[in-house]
Amino acid sequence: MIAPVGRGQNRWISRHYRGFSIADKYANATASIDFAVRLAGSGSDAHSSTMSDPKDMREDPESFFAAPDWYDRSINWPARLKREIPVLIDILGPPGEGGILDAGCGTGRQACALAQQGYRVVGADLSPEMLEVAARVRSETNTDVRFVTTPYASLADAVGTGFDGLFCLANALAAAGSRDAVAGAIANFARCLRVGGRIYTQILNFAPMKEKVPCVRGPRIATVDGQEYISVRQFHFGSDAVQVTNVTMWKDDTWNQRAHCGMLYPASLDELSEWCAGAGLRIDETWGGYDRSAFDPTSSADLILVATRTK
Ligand SMILES: C[S@@+](CC[C@H](N)C(=O)[O-])C[C@H]1O[C@@H](n2cnc3c(N)ncnc32)[C@H](O)[C@@H]1O
């Protein structure tokens, strides 16, 4: 079933943050509005004079994160899980008492895959729509993952502390949307871990992407219920945030397309290192991809951090 999606930024904000405290709603909605204002005003200090008017791109900003079925149609899940799960198991170690937290778990596929390997897993996400699909994945995989609807800002209160490990994949950290929100998320991630617990985060390496206009990634091809979907993502950089638009195309009697937007804060390694240090996290590895290649700021596709809580 295709999840319903809202139209317009205001409607998106109210749908997306339904169920949170007024303070959470205010903080998150303020970040969204700040971003929209910054983006709209970014013409003069934006990276490229060839950038199209960002207002056009926001005209119908259906949220990526409120459209989980479309999110899943933009991802080849069997290939992703094959790439991600062995690395996560290696980094997080064998299943332990504390369990594993998937922060920004989205549709919960990695959380359920790890539960199938014997881990006690909690998946947390801001989006109730994402977690609706995650609950479906949980029954399909016959697992017992606990899914909790919460923003990163109140993660430890919502899911508890003492986790052996935490992972945050596929830009879910950058999706916190603003510099302060990403820094705050790292502090909250650390709070959820026991001392000695490990954290694995993966975002894109945004620095080289910013140099490319237009910056388009893909195509990604996924097959869901026998239907093939082709998706591309365009990244539109403002002065300190990036809007990602995912366009998914498919053919039945005719060609069709659906587009969804999200906003990301393009954190750099220097920023992440500073925030990890402040949160008592020692960085053990910085990789440029799941092949564990050394991170190269000029050419790596990903920015992956492996860190340990030391205090
Ligand atoms: C691109 S999806 C990635 C989902 C999943 N980690 C994956 O690998 O497919 C980003 C997720 O982060 C969640 N998210 C964004 N900001 C958040 C916040 N402040 N607190 C909790 N979750 C958040 C979104 O709702 C979305 O499900």
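Helices (H or I, at least four residues) and strands (E, at least two) are DSSP runs, numbered here from the N terminus. Two strands count as paired if DSSP finds at least two bridges between them. Keep in mind that this is a predicted model: local features need pLDDT of at least 70, side-chain atom pairs count only at pLDDT 80 or more, and totals for chains, interfaces and linings use all residues. Residues are numbered from 1 along each chain as its sequence is written.

**The sheet**

Let's start with an open sheet of 7 strands, in the order S3-S2-S1-S4-S5-S11-S10, with mixed pairing. Its edges are strand S3 (146-149) and strand S10 (281-287), each pairing on one side only. On average, neighbouring strands of this sheet are turned by 20° against each other, direction ignored. (Axes are lines fitted to C-alpha atoms, for helices over the stretch in contact, and angles run from 0 to 180 degrees between N-to-C directions.)

Here are two strand pairs side by side.

| Strand pair | Sense | Bridges | Facing residues |
|---|---|---|---|
| S5 (residues 193-204) and S11 (residues 302-309) | antiparallel | 7 bridges | Ile203 and Leu303 |
| S6 (residues 215-224) and S7 (residues 227-237) | antiparallel | 8 bridges | Ile221 and Ile230 |

S6 and S7 form a hairpin with 2 residues between the strands, and Asp225 takes a positive phi there, near 50°.

**Helices on the strands**

Helix H9 (residues 179-192) packs on the sheet and touches S1, strand S4 (163-168), S5, S10 and S11; contact means that the C-beta atoms of two residues, placed from the backbone, lie within 7 Å. The direction of H9 makes about 155° with that of S4. Helix H6 (residues 109-116) lies across strand S1 (100-103) and strand S2 (121-125), running at about 175° to S2.

Why is H6 largely enclosed by the rest of the structure? Because 7 of its 8 residues are buried, with 20 or more other C-beta atoms within 10 Å of their own (12 or fewer would be exposed, in between partly exposed; C-beta atoms are placed from the backbone). Among the buried ones are Arg109, Cys112 and Leu114. Their cover includes helix H5 (77-92), S1, S2 and helix H7 (128-141). After H6 comes Gly118, with a positive phi near 100°.

**Around the ligand**

The ligand is surrounded by 16 residues, the closest being Gly104, Gly106, Leu126, Ser127 and Ala170; a residue is near if its C-beta atom, placed from the backbone, lies within 6 Å. This shell divides into 11 nonpolar, 4 polar and 1 charged. Ala, Val, Leu, Ile, Met, Phe, Trp, Tyr, Cys and Pro count as nonpolar, Asp, Glu, Lys and Arg as charged, and the others, Gly among them, as polar.
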